[in-house]
Structures are given as structure tokens and as C-alpha cells.
Amino acid sequence: MKKLFFVSLIAILAYGSYGQELSAVKLNAPDLETGAGIMQALAKRESIRQFSDKELTLQNLSDLLWAANGINRPESGKRTAPSAGNRQALDIYLCNADGVYRYDAVNHAPEPVNAGDYRQFDAPVYLVIVANTDHKESFWTDAGVISQNISLFCAGRGLGTVCRGGMDHDKLREGLKLKEDQHLMLNHPVGYPK
């Protein structure tokens with residue numbers, strides 16, 4: 001009996017570590033009433049590179065993704081960040097300790113992509129901006145606007161972040177399950193400052 005229990009426990013632990021399926025995450029509606037005003041957020045904006053272990057609340061995660069590139073005009077599908085020719089050719093991927101999610105702005109929901117920790121910075125959340133085109137040169141401006149949205153949101157909510165261009169491309173391409181015509185642009189570790 002002890003042997004059967006031990007074998008079952010090993011199987012459960014092995015599945016939990018390696019075969020774990022990511023579950024869908026239901027986000028709250030964006031809270032448009034909280035946070036610092038734009039001038040206060042600009043005054044507080046700074047690059048933060050050291051984060052506490054404290055996890056983001058579901059509300060902060062919801063608001064962060066919406067602020068980055070969510071839909072702010074549902075009647076037209078337009079976003080919080082402008083894009084060249086309104087192509088909307090950039091995606092935001094969220095990496096946390098559990099796995100990787102792609103932010104679906106239309107449904108305001110992170111879609112599970114891959115289990116496993118693919119963060120490349122010591123922060124609870126790691127956002128990656130990805131261009132969905134072979135003409136990534138024209139989308140650096142779009143990525144920069146999304147990056148600034150992330151930075152201002154964090155400053156206004158007492159969170160920390162830093163915009164980074166450096167990353168392990170091979171590891172992230174694998175973790176995010178990117179296609180050939182998808183290109184890594186920028187990344188943002190996000191968390192509460194130490």
C-alpha cells in the first residue's frame with residue numbers, strides 16, 4: 001500500500017511540474033476610477049529594476065493589460081495605444097511563474113499559450129511586446145507607445161517597471177510559441193518595487 005501511494009505521489013508531482021495545463025484567467029473589468037492623474041504619473045515615472053515577491057492583484061493585472069493596449073472604444077475596436085495605419089499588428093504576452101499567456105484585447109482575457117516559467121527578469125509579471133509581421137521596422141513606434149502606456153500605468157498605480165530591449169530571443173520564441181513572422185520587440189518586468 002505504501003509503495004502504491006509513493007508511486008501515485010511521484011506521478012502527481014511529475015504531472016504537476018511538467019505536464020501542467022494552463023487554465024484560463026478571467027480578468028475584472030478595467031477600473032477607470034483609480035490611480036494617479038496623468039501629471040502625477042509622469043512625475044513618478046522611473047525605471048525600476050528590483051521588485052518584491054508580492055504578486056499583482058487580479059485588478060492590477062487586468063488594468064495593466066487594458067492600459068497597455070486594450071480596447072477603449074468598443075464601438076470601433078480602437079485601442080489605448082495607436083498603431084500605424086490602425087493595423088493592430090502587435091501582441092502582448094504575459095509571463096508569470098505558471099506560464100505564458102497572450103492578451104486577447106477583444107475579449108479582455110489572457111489566452112493560455114504555454115506552461116512553464118519563461119520570465120527573464122526577477123519580477124512577478126514579465127510582459128513581452130511582439131510584432132506580427134515581417135515588416136517589424138515600421139512597428140517600433142507602436143511598441144514604444146505600448147511601452148510608455150505600461151510605464152505610465154505602473155507609475156500611477158505604485159508599481160515598478162523598466163522598458164528593456166535585451167532578452168534571450170531563442171528561449172522566448174520557444175516559450176511564447178512564436179511563428180516565423182512574429183518578432184520580439186520590447187519587454188517589461190512588472191511588480192511592486194523593493
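Two strands are said to pair if DSSP finds at least two bridges between them. In this predicted model, strand β3, which covers residues 90–95, meets that condition with β6, the two running in the antiparallel sense over six bridges. Within this pairing, L90 stands opposite A131 of β6.

Strand β6 also pairs with β8, again in the antiparallel sense, and here the pairing extends over eight bridges. One of the positions that can be followed by eye is Y126, whose bridge partner in β8 is P189. As for the surroundings of β6, which spans residues 125–132, seven of its eight residues are buried, so the strand is largely enclosed by the rest of the structure; buried here means a relative accessible area under 20%.

Following the chain past β8, which comprises residues 182–191, the reader comes to K194 in the segment after that strand. K194 is exposed because its relative accessible area is 72%, and the cut-off for that class is over 50%. Although K194 and Q50 are 144 residues apart in sequence, their C-alpha atoms are 5.8 Å apart in space. When neighbours within four places in sequence are left aside, K194 is in contact with Q50, F51 and S52.

A separate feature to locate is a nonpolar surface patch of about 330 Å², which is made by I38, M39 and L42. Of these residues, L42 lies in helix α2, which runs over residues 38–44. L42 counts as partly exposed because its relative accessibility is 43%, a value that is judged against the limits of 20% for buried and 50% for exposed.

Note on methods:
Residues numbered from 1 in each chain as written. Predicted model: local features only at pLDDT ≥ 70, side-chain atom pairs only at ≥ 80, totals over all residues. Heavy atoms only, no water. Helix = DSSP H or I, 4+ residues; strand = E, 2+ residues; numbered from the N terminus. Buried < 20%, exposed > 50% of the residue type's maximum accessible area, 1.4 Å probe, protein only. Contact = heavy atoms within 4.5 Å. Patch = residues over 30% accessible without salt bridge, like charges linked within 9 Å, V, L, I, M, F, W, Y side chains within 5 Å. Areas by Shrake-Rupley, 256 points an atom, 1.4 Å probe, with all protein chains shown as cover. Salt bridge = Lys/Arg side-chain N within 4 Å of Asp/Glu carboxyl O.
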